[in-house]
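Colleague: I would like to learn how to read a structure with two chains. Could we take it feature by feature?

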Amino acid sequence: MKKILEVKNLSISFNTQNGEVQAVRNVSFDLFEGETLAIVGESGSGKSVTSKSLLRLNPAETTMLKNGQILYNEKNILTCREQEIRAIRGAEISMIFQDPMTALNPTMTIGSQIAESIKKHSTLRGNQITERVHELLQLVGIKEADKRYKQYPHQFSGGMRQRIVIAMALACEPRIIIADEPTTALDVSIQAQILELLKNIQKKMNLSIIFITHDLGVVAKMADRVAVMYAGKIIEIGLVDEIFYHCQHPYTQGLLAAMPNPDIETNTLYAIPGTPPNLLQPPIGDAFAARNNQALKIDFLEEPPMFKVSDTHYAATWLLHEQAPKMIPIHQQLAQAERKEREKAPVFDTTKPYLTLQGVKQHFKLDKNAINKAVDGITFDIYKGEIFGLVGESGCGKSTTGRSIIGLNILTDGDIHIDGRNINEAKTKQEKLAFNRKVQMIFQDPYSSLNPRMKIADIIAEGLAIHGVPKSEWRAKIYELLNIVGLTKEYANRYPHELSGGQRQRIGIARALAVEPELIIADEPISALDVSIQAQIVNLLKKLQKERELTYLFIAHDLSMVKYISNRIGVMYRGKIVELAESHELYDHPIHPYTKALLSAIPLPDPKLERERQRIIFNEAEYNATNRESESFTEVRPGHFVMLTEEELTQYDQVNSESIPL
Amino acid sequence: MIRYIFTRIGYMIITLFIIILLSFLLMKALPGSPFNDERLPETQKELLYKKYGLDKPVPIQFGIYLTNLVQGDLGISFVLDNRPVTKIIQERIGASAILGFQAVTVGTLIGLLLGIVAALRHNTVIDYGATVLAVLGISIPSFVFAGFLQYWVGVKLGWLPIAFWNGFEYSILPTIALAVGVVATIARFTRIEMLEVLNQEYILTARSKGLSNSVIITKHGIRNALIPIITIIGPLTVNTITGSLVIEKIFSIPGLGEQFVNSIITNDYQLIMGTTIFYAVLFVSVILVIDILYGFIDPRIRVIGGE
């Protein structure tokens with residue numbers, strides 16, 4: 001294979017008010033023609049900075065290039081003239097950004113945004129450019145290109161916008177595309193579409209792709225080779241199978257172990273302890289040593305070099321040194337330990353559900369003629385002590401359901417009973433307060449859900465104050481709560497900005513627990529966190545479930561995590577629950593076409609599986625075109641409910657009686 | 001779009017009615033009357049009241065006023081020789097309008113330029129310099145600046161006339177004095193908006209296409225930064241036109257502002273009402289124009305308004 005780009009000993013720092021942040025430290029890698037190199041890492045690992053420096057896009061005022069070269073076409077990108085780098089940008093190397101909602105200029109038509117780089121880099125003019133834009137729009141799967149190229153970004157959905165961004169990147173037939181988390185902001189099925197599109201185009205145009213992501217499932221689906229970054233360094237690099245099945249660095253092993261594995265049933269997820277180091281003062285030795293409880297002495301003293309594992313596989317860990325002791329990798333340890341003690345599935349009292357939703361409807365009036373039926377007649381129970389997962393894509397009504405339960409909306413129709421009492425009947429302030437005490441919410445974004453001007457102690461105390469806990473008991477209670485969520489009492493006097501994302505989410509949980517609730521509604525509580533931190537929070541939620549007999553409604557779009565944590569799962573589509581079953585049952589025997597498609601769209605962190613898998617496509621138009629008046633929520637297998645029309649039901653029964661001979 | 005404009009005009013009329021009603025009542029609540037001269041005998045006063053309809057109950061007076069207003073009649077001045085209010089406004093508005101228009105145009109252009117340059121040279125001497133100028137422009141009252149200009153440019157250097165209204169060169173100094181505040185406001189606002197826009201991801205996208213800085217700034221930067229700036233240009237224009245009365249006094253310009261102050265002192269009801277209504281109409285029209293302009297610059301608003 002031909003080498004197309006070479007990064008040598010790249011070191012980049014940023015000047016900040018607090019000092020020099022060493023964002024990228026001595027990174028080297030090659031990129032070959034036609035391959036996809038995935039760069040994996042948590043936030044702050046330096047992956048985005050590395051990728052932006054390939055086009056010199058880091059902010060000039062604060063970026064300090066300490067060392068290194070990026071060689072493309074015998075030119076050093078880091079030192080060439082501004083004119084030369086502009087000729088490369090968009091023409092030879094182009095970039096796809098994370099958030100398609102902000103990556104497009106809202107005041108320019110998408111056609112002219114795509115045309116811009118064609119005008120700049122090619123000799124095409126006038127009508128030829130328009131034709132080329134049409135061609136590109138068709139290539140990325142946008143229909144009616146001749147009409148749509150005159151439209152503005154806000155007239156497209158998120159997935160469509162990302163297609164436009166891709167069309168822009170492809171406009172001048174570049175040789176390298178850098179995709180910086182291109183699907184993180186999208187729903188799973190849209191993500192699957194975009195990933196497949198990228199793969200197809202790569203084949204057609206023999207593109208090289210540098211794919212930046214933190215999602216190991218996406219890596220398994222997309223990558224030929226993987227580079228794992230930690231604390232500004234590449235700590236392991238190799239072919240995708242080498243990384244997933246023979247990884248050497250404890251951090252890589254930890255990352256893989258932190259993903260819920262659909263095959264191995266575990267009681268707790270493996271969570272890498274601690275948080276990534278501060279790159280204002282990068283640690284001496286192996287940067288990961290502080291979070292590795294099997295670290296060797298030398299890990300704290302000297303930085304490990306890149307050891308060769310195979311011709312394509314290198315890892316920077318002292319474990320590969322010939323004198324190193326033999327250790328069982330973390331993920332294998334886990335599998336062994338878990339086999340020993342696996343808990344039985346808990347049994348719930350199904351006669352007296354803790355939470356009951358009866359035909360709940362939540363409609364919002366948009367204007368005179370339009371109604372948004374956010375939640376349109378849903379019925380389900382949650383038993384005491386259960387974790388109920390609610391999944392679905394953005395806009396399906398799952399968050400609205402959560403908000404209705406804590407009484408943020410007045411129901412359009414239906415009843416919600418909590419612990420046997422109807423929330424519609426709570427009229428006075430006292431009664432409402434009594435409900436609020438029982439039901440608490442944990443929010444998605446740990447950055448915006450804590451008041452930045454309040455100390456942690458005051459944030460937690462607010463709940464205590466509203467619910468009449470005497471002031472003299474506050475301090476003790478706050479320390480106790482911090483202890484429960486795994487933080488020391490020193491945190492009480494800090495402000496939210498001094499905390500990391502995972503720590504803030506712990507505060508969010510402590511705040512919810514302050515009033516000793518019985519039901520917790522967790523609205524995407526981990527989706528803003530890094531993989532290794534996600535596992536910590538999920539473990540904490542599970543621990544609390546057991547110790548405090550909490551009941552959860554766990555709202556999420558990350559289906560693998562939902563499967564891991566939930567006892568039962570409801571799948572929402574367009575304001576309705578279309579399928580509800582125990583989590584294993586749902587994953588092993590999905591019946592509703594939407595559920596099937598959703599499940600097949602989740603990228604699994606297993607490259608071999610990913611290669612074999614066929615995605616099931618949900619034909620939304622056809623589904624909505626069929627007459628669904630006769631549909632009902634039917635129990636087709638024990639405890640497994642599906643929304644089917646009479647016709648579909650007879651069809652299902654037929655197929656099943658044929659395939660299962662009794 | 002047309003329906004959108006019509007609903008906006010509907011709201012405009014409601015707003016105007018409320019303004020008229022409130023100012024009418026407030027004016028009537030003030031002590032005194034246009035015929036306060038002590039030398040005037042009581043019987044004479046009563047005759048005058050009767051003549052101008054001031055003896056009737058306030059609601060009826062308001063009704064009569066509204067009926068006339070709808071027919072385009074703002075009444076006659078009680079003080080200035082019974083001349084029609086519309087005539088007075090017509091005579092006086094010319095100077096004020098020219099002055100205001102010049103100040104706003106010049107001020108906005110310079111302000112935009114200053115703000116953009118400051119944003120592009122963020123945290124450099126140029127940026128700090130522009131910020132200091134803007135703060136000075138906002139904090140120094142325009143009359144201080146006017147006096148300064150009159151003394152140095154007018155008297156000491158003798159370059160330009162310092163008073164009266166006899167042609168373009170007479171308007172230069174008052175325009176500058178009036179524009180300073182506009183420059184400062186616009187510059188500060190533009191700088192903030194521009195910095196905000198330059199940090200947006202679509203600017204990074206544009207850079208990654210290989211576009212030159214000038215194209216990025218003009219095509220992707222300024223247009224997006226303009227949207228919020230347009231919002232303040234509307235009220236700023238009206239403020240400048242109505243707020244020019246001090247400058248008009250200092251430079252002895254026969255403008256509307258000066259007349260307005262006089263009419264309040266003399267309790268000239270019709271003239272007060274007429275001028276107030278004139279300013280109000282000006283204000284809401286400017287806001288309407290801004291709203292429509294908005295739609296042209298920001299396609300997101302255009303579509304919501306159109307559908």
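Modeller: We will go through the chains, some helices, a helix pair, the contact between the chains and a few backbone angles. Keep in mind that this is a predicted model.

Colleague: What is the secondary structure of chain A?

Modeller: Chain A is mixed, with 23 helices and 24 strands. Chain B has 13 helices and 0 strands, and its elements, read from the N terminus, are α throughout.

Colleague: What radius of gyration would a compact globule of 662 residues have, and what does chain A have?

Modeller: The expected value is near 26 Å for 662 residues, and chain A has 26 Å, so the two agree. The C-alpha trace of chain A spans about 75 × 65 × 60 Å along its principal axes. For chain B the corresponding spans are about 85 × 60 × 30 Å.

Colleague: How much of each chain is buried?

Modeller: In chain A, 46% of the 662 residues are buried. In chain B, buried residues account for 34% of 307.

Colleague: And which share of the contacts joins residues at least 24 apart?

Modeller: Take the contacts between residues at least 6 apart in sequence. In chain A, 67% of these join residues at least 24 apart; in chain B the share is 74%.

Colleague: Now single helices. How does the span of helix α3 of chain B compare with what is expected?

Modeller: Helix α3 of chain B covers residues 58-70, and its 13 residues should span 18 Å at 1.5 Å a residue; the end C-alpha atoms are 18 Å apart, so the span agrees. After α3(B) comes B:G72, with a positive phi near 85°.

Colleague: Is there a case in chain A where I can also look at burial?

Modeller: Take helix α17 of chain A, residues 531-548. Its 18 residues reach 26 Å from first C-alpha to last, close to the 26 Å expected. As background, an α-helix has 3.6 residues a turn, so residues three or four places apart point the same way.

Colleague: Which residues of α17(A) are buried?

Modeller: They are A:V531, A:S532, A:I533, A:Q534, A:A535, A:Q536, A:I537, A:V538 and A:L541.

Colleague: What do the buried residues of α17(A) pack against?

Modeller: Their partners in chain A are three helices and two strands by label: α10 (250-258), α16 (501-513) and α18 (559-565), together with β19 (519-523) and β20 (551-556). Following α17(A) is A:E549, which has a positive phi near 50°.

Colleague: How should I describe a pair of packed helices?

Modeller: Two packed helices are described by the angle between their axes and the distance between the axes. In chain B, the axes of α4 (residues 85-120) and α11 (residues 256-265) come within 7 Å and cross at roughly 130°. Angles over 145 degrees would count as roughly antiparallel and 65 to 115 as roughly perpendicular, so α4(B) and α11(B) are oblique to each other.

Colleague: Which residues make the contact between α4(B) and α11(B)?

Modeller: From α4(B) there are B:I88, B:I89, B:R92, B:I93 and B:S96, and from α11(B) there are B:L256, B:G257 and B:Q259. By class this contact has 4 nonpolar, 3 polar and 1 charged residues.

Colleague: Now the contact between the chains. How many residues does each chain give?

Modeller: Chain A gives 24 residues and chain B gives 18. On the chain A side, α2 (82-88), β6 (93-96) and α3 (110-121) each supply at least two residues. The most comes from α3(A), with 4 residues. The chain A side divides into 11 nonpolar, 8 polar and 5 charged residues.

Colleague: Which residue of helix α3 of chain A could I look at for exposure?

Modeller: A:K119 is in that helix. It has 16 C-beta neighbours inside 10 Å, so A:K119 counts as partly exposed. The C-alpha atoms of A:K119 and A:R611 are 39 Å apart, with their positions 492 residues apart along the chain.

Colleague: Last, backbone angles. Where does A:N9 lie?

Modeller: A:N9 lies in strand β1 (residues 3-16) of chain A. Although not a glycine, A:N9 has a positive phi of about 45°. With 12 C-beta neighbours inside 10 Å, A:N9 counts as exposed.

Colleague: And is A:E144 buried or exposed?

Modeller: A:E144 is exposed, because 10 other C-beta atoms lie within 10 Å. A:E144 is in the loop between α4 (127-139) and α5 (145-148) of chain A, and its phi is positive, about 55°, although A:E144 is not a glycine.

Notes:
Residues are numbered from 1 along each chain as its sequence is written. Chains are lettered from A and ligands numbered from 1 in the order in which they are written. This is a predicted model: local features need pLDDT of at least 70, side-chain atom pairs count only at pLDDT 80 or more; totals for chains, interfaces and linings use all residues. The expected span of a helix is 1.5 Å times one less than its number of residues. Two residues are in contact if their C-beta atoms, placed from the backbone, lie within 7 Å. Ala, Val, Leu, Ile, Met, Phe, Trp, Tyr, Cys and Pro count as nonpolar, Asp, Glu, Lys and Arg as charged, and the others, Gly among them, as polar. A residue is buried if 20 or more other C-beta atoms lie within 10 Å of its own, exposed if 12 or fewer, and partly exposed in between; C-beta atoms are placed from the backbone. The radius of gyration is taken over C-alpha atoms; the globule rule is 2.2 Å times the number of residues to the power 0.38. Axes are lines fitted to C-alpha atoms, for helices over the stretch in contact, and angles run from 0 to 180 degrees between N-to-C directions. Angles under 35 degrees count as roughly parallel, over 145 as roughly antiparallel, 65 to 115 as roughly perpendicular and the rest as oblique.
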